[in-house]
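The exercises below ask you to work through a single structure, one local feature at a time. Try each task with the model in front of you before reading its solution.

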Amino acid sequence: MESDYDELDRRLVHALQIDGRAPFSTIAEALGVSDRTVARRYARMRSAGVIRVLGGFDPTALGAVLWFLRVRCAPAAALPVAEALAGRPDTSWVSLNSGGTEITCVVRTESEADSEALLLAKLPRTPRVEGVTAHSVLHAFYGGPDNLVGKLGWLDTAATERLRPPPLPHRPGPVRLDDGDRKLLALLATDGRAGFEQLAAATGWSATTVRRRMTELREHGVLYLDLDVDWRVFGGNARTLLWLSVAPAHLEEAGRALAGHPEIAFAAATTGPTNLYASVVCANQRELYRYLTTRIAALPAITHLETAPVIRTVKQAANRI
């Protein structure tokens with residue numbers, strides 16, 4: 001796949017990481033090409049499933065809890081269980097790992113009752129599920145609005161600054177969503193570049209109200225723009241999950257260091273048997289070995305490391321609420 005895409009495609013992806021809703025004319029000016037070229041390139045990659053601009057939302061800003069689940073299954077049951085998990089509106093990043101007998105996924109629970117129903121009742125009683133390990137996300141060091149594309153540096157400083165939108169102020173305090181908000185977020189979850197008129201039609205609001213509400217949700221940290229990318233465009237063919245144990249006194253230091261690694265797509269402190277989780281993207285197994293024996297080996301106070309190569313991704317980002 002990498003040979004099907006060139007430097008301009010990768011620069012366009014980087015531009016969309018900086019501002020996923022930037023007009024094609026603005027991106028074209030920064031890249032030094034025509035508007036039509038940008039529109040054509042984007043349409044080609046989007047139709048091929050290589051890139052999607054999504055409106056992501058942070059459920060923790062609404063009081064929800066994120067869990068990383070590791071579900072061990074009998075070999076013949078792993079794919080059906082993974083597909084069942086992928087069909088749930090509260091799951092994302094459902095993957096088959098480690099020989100095809102383990103499923104990992106991210107689950108959002110709205111309350112303690114939801115957590116108990118899934119983690120203590122439903123999953124453990126699913127036929128041919130042999131064990132479940134749950135890790136609650138305590139703190140994300142990298143991920144969400146931060147995307148691995150931004151670390152790859154395909155655009156120079158001038159182009160980056162031309163595309164970077166003005167920073168939004170942080171607005172603290174609780175957020176309550178109504179039906180219009182949910183319709184807005186649901187549409188943005190499928191197309192983060194949906195126009196204001198299209199969003200207005202879906203919500204029943206005016207385009208001005210849509211624009212104002214999107215700004216408010218972003219200021220509260222509920223809404224952000226995200227990219228769903230096929231990493232093979234950038235030469236990344238091996239996605240691996242890392243589960244690390246770090247001495248508590250060094251957890252913050254190790255997490256911040258991990259977040260700065262160019263291979264890291266996501267990193268978080270968690271509860272559970274290990275206390276640091278990361279998603280790594282490398283070009284191949286040789287580069288993964290080099291990463292583990294250099295950058296990971298240099299992290300402070302690691303007492304345990306487990307790797308889980310992703311064999312198949314059943315579901316990626318999901319932002320429905």
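**Exercise 1.** Does A298 count as buried or exposed, and at what relative accessibility?

Solution. The structure is a predicted model, so that local features are read only where pLDDT is at least 70. First locate the residue: A298 is found in the loop between α12 and β10. Next apply the cut-off, by which a residue is exposed when its relative accessible area is over 50%. At 62% relative accessibility, A298 therefore counts as exposed. Finally, relate A298 to the rest of the chain: its C-alpha atom is separated by 12 Å from that of V246, although the two residues are 52 residues apart along the chain.

**Exercise 2.** Determine how the axes of α9 and α10 are arranged, and list the residues through which the two helices meet.

Solution. Begin with the axes of helix α9 (residues 196–203) and helix α10 (residues 207–219), which come within 8 Å and cross at roughly 95°. Angles of 65 to 115 degrees count as roughly perpendicular, and α9 and α10 are therefore roughly perpendicular to each other. Then collect the residues in contact: α9 contributes F196, E197, L199, A200 and T203, while α10 contributes A207, V210, R211 and M214. Sorted by character, the residues of this contact of α9 with α10 comprise 6 nonpolar, 1 polar and 2 charged.

**Exercise 3.** Identify which residues of α9 are buried and which are exposed, and explain how the buried ones are placed around the axis.

Solution. The buried residues to note in α9 are L199, A200 and T203. They cover an arc of only 105° around the axis, which puts them on the same side of α9. On the other side of α9, E197 and A201 are exposed. The cover over the buried residues of α9 includes α8 (179–190) and α10. To finish, look just past the helix, where α9 is followed by G204, a residue whose phi is positive, near 85°.

**Exercise 4.** Carry out the corresponding analysis for α2, asking which residues are buried and what covers them.

Solution. In helix α2 (residues 24–31), the residues I27, A28, A30 and L31 are buried. Seen down the axis of α2, its buried residues fall within an arc of 165°, so they line one face of the helix. The general reasoning is that an α-helix has 3.6 residues a turn, so residues three or four places apart point the same way. Among the elements covering the buried residues of α2 are α1 (7–18), α3 (35–47) and α7 (157–163). After α2 comes G32, whose phi is positive, near 75°.

**Exercise 5.** Describe the burial of β1 and its pairing with β6.

Solution. Strand β1 (residues 51–57) is mostly covered, since 6 of its 7 residues are buried. The strand is joined to β6 (residues 223–229) by 7 bridges, and the two run antiparallel. As a check on the register, the bridge partner of G56 in β6 is Y224.

**Exercise 6.** Examine the backbone of W93 and A301, stating the value of phi and the location of each residue.

Solution. Most residues other than glycine have a negative phi. W93, although it is not a glycine, has a positive phi of about 50°, and W93 is found in strand β3 (residues 91–97). For A301, phi is near 60°, again a positive value in a residue other than glycine, and A301 lies in the loop between α12 (285–296) and β10 (302–315). As for accessibility, W93 is partly exposed, with a relative accessible area of 31%, and A301 is likewise partly exposed, with a relative accessible area of 31%.

Notes. Residues numbered from 1 in each chain as written. Predicted model: local features only at pLDDT ≥ 70, side-chain atom pairs only at ≥ 80, totals over all residues. Heavy atoms only, no water. Axes fitted to C-alpha atoms, helices over the stretch in contact; angles between N-to-C directions. Helix = DSSP H or I, 4+ residues; strand = E, 2+ residues; numbered from the N terminus. Parallel < 35°, antiparallel > 145°, perpendicular 65-115°, else oblique. Contact = heavy atoms within 4.5 Å. Nonpolar A, V, L, I, M, F, W, Y, C, P; charged D, E, K, R; others polar. Buried < 20%, exposed > 50% of the residue type's maximum accessible area, 1.4 Å probe, protein only. Pairing = 2+ DSSP bridges. Arc of directions from axis to C-beta.
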